[in-house]
Amino acid sequence: MKNESDLENMLSEPSDATRRVLSQTPGDFMVLGAAGKMGPTLCRLVKNAAPDRKVFAVSRFSDPAVKDRLEQSGITVISADLAERQSYTDLPQIPNIYYLVGMKFGSTGNESFTWAMNAYVPALVCEHFRSSRIVALSTGNVHPFTPVTFGGATEEATPDPKGEYAQSCLGRERIFEYFSRKHSIPVVNMRLGYANEPRYGIIVDLTQKILKDEPIDLAMGNVNLIWQGDANDIIAQAISIAEVPARVLNLTGPETVSIRFLATAIGKFLNREVAFTGSEQPTALLFNAARCFEYFGYPRCPLMKMVHRVVDWVASGKTIHNKPTKFQVRDGKF
Ligand SMILES: NC(=O)c1ccc[n+]([C@@H]2O[C@H](COP(=O)([O-])OP(=O)(O)OC[C@H]3O[C@@H](n4cnc5c(N)ncnc54)[C@H](OP(=O)(O)O)[C@@H]3O)[C@@H](O)[C@H]2O)c1
């Protein structure tokens with residue numbers, strides 16, 4: 001991976017299964033909230049899997065460069081603020097919707113806006129796209145913390161979102177579920193946990209800290225991680241299992257990854273000593289994606305390959321998003 005163009009090509013590469021599933025899925029595709037960290041590569045992956053279909057990318061496009069790059073990839077771009085009811089008048093009816101709109105960082109101190117983005121926008125979307133199938137991105141943060149020996153919360157665990165960001169995300173799921181029941185909209189609420197790529201994710205955060213000789217906080221001592229290319233691929237395929245009433249599906253990697261182990265491995269790769277602060281707690285925000293793997297198979301990128309790709313990129317000084325994940329947070333304040 002020499003540059004961002006190589007990287008984005010890699011993150012946009014569909015599996016054979018996704019090519020097959022999307023070619024058998026009738027109609028065009030639309031990604032809502034397409035301009036963020038995942039949207040551009042998800043749009044391109046869907047286009048690569050179903051080149052004969054239209055793929056629409058809808059966002060406000062706060063960064064106009066993202067819009068240009070999507071258009072160059074054959075994606076049909078629509079600028080719209082999905083929090084405004086009048087924006088929907090011009091949005092075409094598309095059978096397959098991927099919903100990525102979300103608000104996390106800066107939510108503390110901006111609670112009403114957070115709730116509007118995470119729990120009100122879904123209502124507008126469901127009213128407009130009541131004849132579509134929807135994969136709605138949620139987050140593992142709706143889960144309770146579980147003992148690190150438990151193998152992570154399953155989809156059956158009673159949600160226990162900590163703080164208003166996570167609570168509003170449970171609100172997002174409930175609104176999709178409500179409209180799924182009301183209008184018979186097939187929906188999957190996908191609880192994603194930490195997509196990693198060389199510009200964003202926990203591995204980037206740890207690598208940066210180790211390069212700056214800063215200690216690694218062990219308070220959230222265990223995590224789940226997935227390569228963003230695999231997350232995109234599974235999200236794309238999940239349109240095929242949307243159902244009424246809305247179903248919930250965890251999406252993350254198969255391992256419970258110790259932060260101490262991960263930071264030590266990164267340190268070895270960088271030839272640096274790693275300092276730690278605090279100690280591992282008996283519980284962590286962990287969840288279990290076994291059901292997801294039953295549907296879609298294991299992720300293609302194993303943990304250590306992900307680590308090498310990310311560390312190599314960050315250590316060579318290439319561009320990163322500069323958006324720390326704040327994975328250490330235990331009080332739900334982001
Ligand atoms: N990345 C992860 O590791 C991760 C982990 C767990 C869950 N998730 C969930 O997965 C989803 C996608 O993740 P992401 O990392 O790509 O999120 P992201 O970077 O926050 O992207 C979401 C995009 O939605 C667009 N948006 C926000 N408000 C909008 C509005 N009113 N109208 C139209 N577009 C709007 C924004 O682009 P504009 O400013 O251009 O409109 C934003 O960049 C999020 O909902 C997130 O909660 C992600």
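## Exercises on the ligand shell and selected residues

The residues of the shell around the ligand comprise 15 nonpolar, seven polar and four charged ones. The structure is a predicted model.

**Exercise 1.** Determine how many residues surround the ligand and which are the closest.

*Solution.* The count of surrounding residues is 26. The closest are Arg-60, Phe-61, Ser-62, Asp-81 and Leu-82. As for secondary structure, β5 (133-139) and α6 (163-183) each contribute at least two residues to the shell. Of the elements, β5 gives the most, with three residues.

**Exercise 2.** Identify the polar atoms of Asp-81, Leu-100 and Val-101 that approach the ligand, and state how much of the ligand the protein covers.

*Solution.* Begin with the side chain: an N or O atom of Asp-81 lies 2.9 Å from a nitrogen atom of the ligand. Continue with the backbone: a polar backbone atom of Leu-100 is 3.1 Å from an oxygen atom of the ligand. For Val-101, a backbone N or O atom is 3.3 Å from an oxygen atom of the ligand. On its own, the ligand has 870 Å² of accessible area, and the protein covers 88% of it. As to location, the ligand sits in the largest pocket.

**Exercise 3.** Phe-61 and Asn-271 are to be compared by backbone phi, by location and by exposure.

*Solution.* First, the phi angles. Phi of Phe-61 is near 55°, a positive value in a residue that is not glycine. Asn-271, likewise not a glycine, has a positive phi of about 60°. Second, the locations. Phe-61 belongs to the loop between β2 (55-59) and α4 (64-72), whereas Asn-271 is placed in the loop between α9 (259-270) and β14 (276-277). Third, the exposure. The relative accessibility of Phe-61 is 7%, under the 20% limit, so Phe-61 counts as buried. The relative accessible area of Asn-271 is 72%, over the 50% limit, and Asn-271 is therefore exposed.

**Exercise 4.** Which residues does the cis peptide bond join, and where does Pro-245 lie?

*Solution.* The cis bond joins Val-244 and Pro-245, with omega of about -10°. Pro-245 lies in the loop between α8 (228-237) and β12 (247-251).

**Exercise 5.** Is Lys-2 buried or exposed, and how far is Lys-2 from Pro-40?

*Solution.* Lys-2 is located in the segment before α1 (4-11). Its relative accessibility is 68%, over the 50% limit, so Lys-2 counts as exposed. Lys-2 and Pro-40 are separated by 38 residues in sequence and by 19 Å in space, C-alpha to C-alpha.

Terms used:
Residues are numbered from 1 along each chain as its sequence is written. This is a predicted model: local features need pLDDT of at least 70, side-chain atom pairs count only at pLDDT 80 or more; totals for chains, interfaces and linings use all residues. Side-chain values use heavy atoms; hydrogens and water are left out. A residue is near a molecule or strand if one of its heavy atoms lies within 4 Å of it. A polar contact is a pair of N or O atoms within 3.5 Å; within protein, one must be able to donate a hydrogen and the other to accept it, and residues adjacent in sequence count only if both atoms are side-chain atoms. Accessible areas come from the Shrake-Rupley method with a 1.4 Å probe; for residues, only the protein chains shown count as cover. On a 1 Å grid over the protein atoms alone, a cavity is a set of points where a 1.4 Å probe fits but cannot get out, and a pocket is an open set with protein on both sides within 12 Å along at least five of seven lines; lining residues have an atom within 4 Å of a point. A molecule sits in a cavity or pocket if more than half of its atoms lie within 2 Å of its grid points. Helices (H or I, at least four residues) and strands (E, at least two) are DSSP runs, numbered from the N terminus. Ala, Val, Leu, Ile, Met, Phe, Trp, Tyr, Cys and Pro count as nonpolar, Asp, Glu, Lys and Arg as charged, and the others, Gly among them, as polar. Buried means under 20% relative accessible area, exposed over 50%, partly exposed in between (1.4 Å probe, protein chains only).
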